[in-house]
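Reader: Please take a close look at the aromatic rings of this model and at the part of the sheet that one of them belongs to. I would like a plain account of what sits against what.

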Amino acid sequence: MSVLVINAGSSSLKIALFSEDASGAGLRRSLRAFVDYHDAPARLCLWSDDDRLLDEQTLPDGPERLTAALARVLSECDRCLAGDPLVAVGHRVVHGGPDFAAPVRIDAAHLYALEALTPLAPQHQPHNLAGVHAIEQLRPGVAQVACFDTAFHRSQPRLAQRFALPRDSFDAGLRRYGFHGLSYEYVAGRLAKLDPAAAGGRVVVAHLGHGASLCALSNGRSIATSMGFSTLDGLMMGTRCGALDPGVLLYWLQQAGRTVAEVADTLYNRSGLLGVSGLSDDMRVLLASDTPAAAEAVALFVYRCVQEIGAMVAVLGGLDALVFTGGIGEHAAPIRQRIVDAVGWLGLVLDTDANAVDARCISTVESRARAWVIPTDEELQITMHCRRLG
């Protein structure tokens with residue numbers, strides 16, 4: 001059973017082909033592809049399962065770019081599969097709204113409902129669904145499955161989803177949805193194998209990357225998360241502000257004369273690590289810099305993580321494990337050390353040698369709570385959902 005997974009975003013396109021391994025006991029990536037839309041011109045890179053670069057080609061500008069990239073990938077899929085059928089195409093869809101609590105096989109009614117959710121995620125949803133339309137055009141009839149970043153958080157209690165707004169706001173869709181759910185779902189499953197005792201208890205997962213959030217897990221289920229109505233809330237991120245007093249927005253709009261478009265651009269694209277440092281949204285660049293502004297951006301990132309971890313632990317009533325994932329969480333040992341040291345009062349004791357080499361368990365044997373580094377794999381999680389749906 002081969003599944004093609006598409007993660008179509010505004011700044012990049014990630015694709016992976018999963019097939020059963022020779023033993024039939026598991027899944028392997030037989031192909032992966034990536035496009036960085038920041039490049040000019042954008043280029044599609046294709047790699048084999050052993051990370052050999054198979055092809056690199058320039059893509060056209062404009063709306064046909066995505067279709068051109070997918071057409072080339074599908075051609076390579078046909079070669080890899082050698083006549084075996086492509087069972088399904090799975091898509092990461094950022095927003096499932098209040099109704100989509102599990103992956104679905106996409107039909108016309110589902111697609112209409114998901115397009116109606118675009119105002120809730122205008123930076124993401126159109127790009128996610130563009131991949132669905134492109135596959136409809138290129139491979140009509142192949143099963144397509146939508147897997148939602150919000151679905152994992154639908155297990156949260158009603159209070160955790162509410163804002164203190166007038167009651168009709170909740171029914172109108174103004175509620176805390178949470179995101180990065182596919183990542184949290186995968187990590188929860190991996191933790192259950194690595195540390196079953198902790199996974200059955202109170203866990204905080206820190207998905208730290210260009211986008212960043214936290215999730216409180218109780219017995220593997222989401223009960224709170226730092227992101228809310230949009231992907232702007234919660235932690236400081238690469239270019240996004242995180243939690244912000246709404247009075248700032250009113251000031252910009254009413255007193256400073258900014259337009260809505262200017263405010264949106266600031267919040268999504270010019271804040272976070274980039275805005276505070278004035279240098280870069282890349283944590284690696286900031287850690288290597290000796291400028292005071294870069295140091296302040298890193299310190300603020302750590303401070304906000306520590307602050308929000310405290311909120312998650314308060315909801316959980318304690319902590320059995322802290323898990324790091326995402327690009328920063330998996331690879332930035334100095335950030336992990338600063339965070340763990342700051343929450344040492346929770347019973348966490350860092351193994352500095354293990355942390356320095358990005359080991360899986362980075363806490364000492366004496367640590368009352370455990371600290372883990374678990375690489376996320378949203379594409380594999382999507383593949384598993386596609387297989388379950390048949």
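Author: In this predicted model, Arg175 places its charged end over the ring of Phe170, with 3.9 Å to the ring centre. A second case involves Arg65, whose charged end lies over the ring of Tyr37 at 4.0 Å from the centre.

Rings also meet rings. The count of aromatic pairs is 2. One of them is formed by Phe100 and Phe148, a tilted pair with 5.1 Å centre to centre and 35 degrees between the planes. Its members come from distant parts of the chain, 48 residues apart: Phe100 belongs to the loop between strand 6 and strand 7, and Phe148 to strand 8. Phe100 has a relative accessibility of 12% and therefore counts as buried. Phe148, at 3%, is buried as well.

The other pair joins Tyr177 and Phe229; the centres are 6.3 Å apart and the planes stand at 45 degrees, so this pair is tilted too. It also links distant parts of the chain, 52 residues apart, with Tyr177 in the loop between helix 5 (167-171) and helix 6 (181-194) and Phe229 in the loop between strand 11 (221-225) and helix 8 (246-255). Tyr177 is buried at a relative accessible area of 0%, whereas Phe229 is partly exposed at 24%.

Back to strand 8, which carries Phe148. This strand spans residues 143-148, and 6 of its 6 residues are buried, so the rest of the structure largely encloses it. In a regular strand, side chains alternate between the two faces of the sheet. Here both faces are covered: Gln144, Ala146 and Phe148 are buried on one side, and Ala143, Val145 and Cys147 on the other.

Strand 8 has partners on two sides. With strand 6 it pairs in the parallel sense over 6 bridges, and Cys147 is the bridge partner of Arg92. With strand 7 the pairing is antiparallel, over 2 bridges, and there Ala146 is the bridge partner of Val104.

These strands belong to an open, mixed sheet of 8 strands, in the order 5-4-3-2-1-6-8-7. Strand 5 (53-58) and strand 7 (104-105) are at the edges; each has a single partner strand, so one side of each lacks a neighbour in the sheet. Strand 6 (residues 86-93) also pairs with strand 1 (residues 2-8), in the parallel sense over 5 bridges, with Val5 opposite Gly90. Helix 1 (residues 64-81) packs on this sheet, touching strands that include strand 1 and strand 6, and its direction makes about 15 degrees with that of strand 2 (12-20).

Key
Residues are numbered from 1 along each chain as its sequence is written. This is a predicted model: local features need pLDDT of at least 70, side-chain atom pairs count only at pLDDT 80 or more; totals for chains, interfaces and linings use all residues. Side-chain values use heavy atoms; hydrogens and water are left out. Two strands pair if DSSP finds at least two bridges between them. Helices (H or I, at least four residues) and strands (E, at least two) are DSSP runs, numbered from the N terminus. Contact means heavy atoms within 4.5 Å. Axes are lines fitted to C-alpha atoms, for helices over the stretch in contact, and angles run from 0 to 180 degrees between N-to-C directions. Buried means under 20% relative accessible area, exposed over 50%, partly exposed in between (1.4 Å probe, protein chains only). Rings of Phe, Tyr and Trp (its six-membered ring) pair if their centres lie within 6.5 Å; planes under 30 degrees apart count as stacked, over 60 as edge-to-face and the rest as tilted. A charge sits over a ring if NZ of Lys or CZ of Arg is within 6 Å of the ring centre and within 35 degrees of the ring normal.
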